[in-house]
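Subject: the structure I promised you

Hi,

Here is the structure I said I would send over. Could you open it up and follow along with the notes below?

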Amino acid sequence: MAALKSDSPNLLPLLKQYFGFTSFRPLQEEIIRDSLAGRDTFALLPTGGGKSLCFQLPALTRDGLTVVVSPLIALMKDQVDALRAAGVPATFLNSSLAAEESRKRLRGLHNGEFRLLYVAPERLMLSGFLEDLQRWNVRLIAIDEAHCISEWGHDFRPEYRQIAQLRELFPQVPFMALTATATERVREDIVTHLKLREPQIYVASFNRPNLNYRVITKNKPFDQLFDFLRARPKQSGIVYCLSRKGAESVAERLNQNGIRAKPYHAGLTPRERSEHQELFLRDNIRVVCATIAFGMGINKPNVRFVVHYDLPKNIEGYYQETGRAGRDGLPGECILLFSAGDAVKQTTFIDEKPNPQEREIARKQLQQMVHYAECANCRRSELLAYFGEDFSADGCGACDNCLSPRATFDGTLAAQKFLSCVFRIREKTGFGVGLNHVVEVLTGADTEKIRKWNHTQLSTYGIGKEHGRPEWAAIGRELVRLGFLRQTAEKFSTLELTHAGAAILKSRDKVTLTKPVTTPEKTVSHVGEIACDEVLFERLRELRKRLADERDVPAYIVFSDVALRQMARNYPQTESDFARISGVGEKKRREFGDIFLGEIAAYLQTNARQIFADDSFTTPASRPAARSSLGDSARETLRRFRSGASVEQIARERGVTAGTIYGHLAEGLEQGESLDLQNFFTLKELAEVAAAFGNKGFGNLVGVFEALGGKVDYGRLRLFRAAANARRT
C-alpha cells in the first residue's frame, strides 16, 4: 500500500496545532494512515497509550463527521471538553443533556458544525437517530472500549452487539475498534461481532514501564491505606473496593482522618456520581473510593496511585484499573492488598451466578487473579504473559518481587505430603476434592465430610500438623502454579495430580517453594517525576487551578502535570519557548501563553534559576540518612557492595539477576542510603544519561534507554533515577 509519511501535509502540523505534540506515540501514525486509506482497523493500545488521537486526528484532516461510540457518559464530556479547549469542533449526545441542549446540538450536526460526535450505543441504534446519521456525511465510525462486545471480556455489554448493524447502513465507511485490554479470544470476538472487513490489526505492548506493582499481605487494611496516603500528601488516586458498603466506609474513615475522599458506586444517584467525579477531576478531593463502576472512562492524567483494597475479580479488570495511574507518563504506584479470605468471598458471589458458563469463566478468572497475587515471579512478566506478551527483560526492577525477591525453602517434604494426600483421597473415594478438604485431612480436622467419607483412615490424615491451614492452602496453590496439580473451574472445584505431579511424587526430587509474605513491607514513595523547580511547579499548579475553575473544567484540561514540570524546568521566557512545551497547541498558546510566561517571569525576579542537567550525579554524602526501612534482602546486597563486591559477583553469589541487585541498590538510595554514581558510570555517561532523562522525563525509562541507543542497561538507568529521586525528596 502507499504509505502516508509522517511528514506529509496535515499530520504533524495538525498534531502540533491542535494537540501540542511534535511526534506520534507507537502505532498511532500507522493506525491513522490505514483509517484515512479507508481500511477497517483494530487497535489495542494500553491505557494512556493515545487511543483517542487515532480517531481524533483523522477527523481534522477532512470534511465530514467522525462518530465515536462510547459506553461512558463521563468519558464523552471529558474528551469533548479537552477537544474544545484545543479548538476542535466536537460534541456529544447522551442522557445527561436536557432536551433543549440536545436539540441545539442536533441542529449543529445538521448544519455540519462538528467534526466529532460522541454517542452511547443505546442512543446510536434508535431508528430516528440512524436516519439522521445517514444525512451527516459520516467518514469514520470508531468503537471505543470495544472489549464490551465480548462475553469473555471483563465488561461485557449486550447493547454493543447491536453496533454491527451499522455495517449494512454504512458499507463504505471504515470502522475502527479500540480497546486497552483484550486477550486473544476477546480480540477475535471483537473482529467477528463488529463484522470488521479484513482489518489491519495493531497490538501495542501491554507494558506500562512507568507503573510500579506491589502486592501487600492484607493486615489491618485501613491502617495500611492511611499510612500509604499520609506518605503522599500531594498525590491523588483511586482506591478500589469490592462492595458499595466498603467504598462508603473507607471514604468516610479517610475524611475523619483528614484526607479528602468521596465514594463512587452504582448505588449513588447519577447526580451524586457526577458530583463526586467532578470533585476528583478538579483536584478538590484527593481520593475516590470506588467499586469497578468507576474509572473506565476517566481521563485524569495525574492519578499517581491505584490501590486495590480488595481482590479484583480478574486480571483484565485489574490491569485496566491499575492503568488509571500514570496516564501522563510519569510514575504511578499500583498496590494490591491481598488475603486468601477475599478469594473465598469472591467464590461465594460466583456461586450465586445462575448461568453455568458464566460461573466457569468467573472461577477460572479468579484462579488466575489469585495466582498473580501469590506468585513470586516478576509481576510485570506475569501480567504481560496473561495477554500473550513475552517480557524478555532480566527482571523489571519495578515490582515488589524484583526489588525484594521472596525467600524460598526446601519444600520437598511438604510437596510430597500434599501431593500424596491428593492421590490417596482420590484412590479411596474415586473422586477428587477441593483444596480446603485436602488441607483439613492434612491437619487432622474433624469435619462432617471427613467422617462421612472415612478419611480419618487415610495414611495422610493428620500428617501435616507442622503447618497451619493458611500455610497448607498457600502450599497447595503454589503446587498448582508449579504445574504439579490441576484445579478445575467447576462449581465444586477439585484438585488432581498432573503427570508432572505424579512424576515428582515417585522420584522425590527436590521441590523449592516460596515463603509467603506474612507482614507487609513499609511502602516507599517512588516520586520519579521530571526534575524541576518544585516551588515554581506548585505556583504554576495554583495558577492552573484558578484558570480551570474560571472555565469550569478540570485542571488538566488547561495543562498536564508534564507540561507544568517542563515549564518549571525550562523557564520559558518567550512565545517560541512556550510553544516548545509538550501539549501547547496554537489555541492554548494564544489563550494561556502570556499568563504563564508572566507568572514564570515574576517568579524569576525573586528566585534564581535551577540547573538540572548535572546535579544528580551523586547522592550528597552530607545529607542525613533517613530512617531506612530496607528489606533484609536489599540490606544484604548493600552490605556486600560496600564490602567491595561487584553487582555481577553479588548476583552470582545470591543466585539472582543483576537487575535484581540494581533494584536493591536503587531501593537503598530511595531510603536515604548514600552511593556514589561514579562507581557505575563514567563522567561522560553521567552527562549523557542526565541529558536523556531531562529530555524524555523520569517516567519514560524505555524512551531514555532508546535515546541512549541501548548503551546503558536498565539496571543502571534505574539506579540513576533513584539517585535523582532521592535528591528531590
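What follows is a short tour, from the whole chain down to single side chains.

A bit of housekeeping before that. This is a predicted model, so I kept local features to pLDDT of at least 70 and side-chain atom pairs to pLDDT 80 or more, while totals for chains, interfaces and linings use all residues. Residues are numbered from 1 along each chain as its sequence is written, and side-chain values use heavy atoms, with hydrogens and water left out.

**The chain as a whole**

The chain has 33 helices and 17 strands (DSSP runs, H or I of at least four residues for helices and E of at least two for strands, numbered from the N terminus). Its radius of gyration is 27 Å, close to the 27 Å that the globule rule gives for 729 residues, so the chain is as compact as a globular protein of that length. That radius is taken over C-alpha atoms, and the rule is 2.2 Å times the number of residues to the power 0.38. Along the principal axes, the C-alpha atoms fill a box of roughly 85 × 70 × 55 Å.

Of the 729 residues, 55% count as buried, meaning under 20% relative accessible area, with exposed being over 50% and partly exposed in between (1.4 Å probe, protein chains only). Taking contacts (heavy atoms within 4.5 Å) with a separation of 6 or more, 73% come from residues 24 or more positions apart.

**Helix α21**

Have a look at α21, residues 469–481. Its 13 residues should span 18 Å at 1.5 Å a residue, and the end C-alpha atoms are indeed 18 Å apart (the expected span is 1.5 Å times one less than the number of residues). Its buried residues include Trp-472, Ile-475, Arg-477, Glu-478 and Leu-479. What do the buried residues of α21 pack against? Their partners are the helices α14 (340–351), α15 (356–374), α18 (412–429) and α19 (435–442), plus β15 (485–487) and β17 (512–514). After the helix comes Gly-483, with a positive phi near 90 degrees.

**Cysteines**

There are zero disulfides, a disulfide being a pair of cysteine sulfur atoms within 2.5 Å. Cys-289 is in none, and the nearest cysteine sulfur, that of Cys-241, is 5.6 Å away. Cys-289 is buried at 0% relative accessible area. Cys-334 is unpaired too, with the sulfur of Cys-396 as its nearest, 11 Å away; Cys-334 is buried at 1%.

**Aromatic pairs**

I get 20 aromatic pairs. The rule: rings of Phe, Tyr and Trp (its six-membered ring) pair if their centres lie within 6.5 Å, with planes under 30 degrees apart stacked, over 60 edge-to-face and the rest tilted. Phe-222 and Phe-226 have ring centres 6.3 Å apart and planes at 10 degrees, so they are stacked. These two sit four residues apart in α10 (residues 221–230), about one helical turn. Phe-222 is buried at 5%, and Phe-226 is buried at 15%.

For an edge-to-face pair, try Phe-559 and Phe-596, with centres 5.2 Å apart and planes at 85 degrees. Phe-559 lies in the loop between α24 (555–558) and α25 (561–570) and Phe-596 in α27 (residues 586–606), so the pair ties together parts 37 residues apart in sequence. Both of these Phe residues are buried. Ring pairs also link Phe-206, Tyr-319, Tyr-386 and Phe-387 into a cluster.

Cheers
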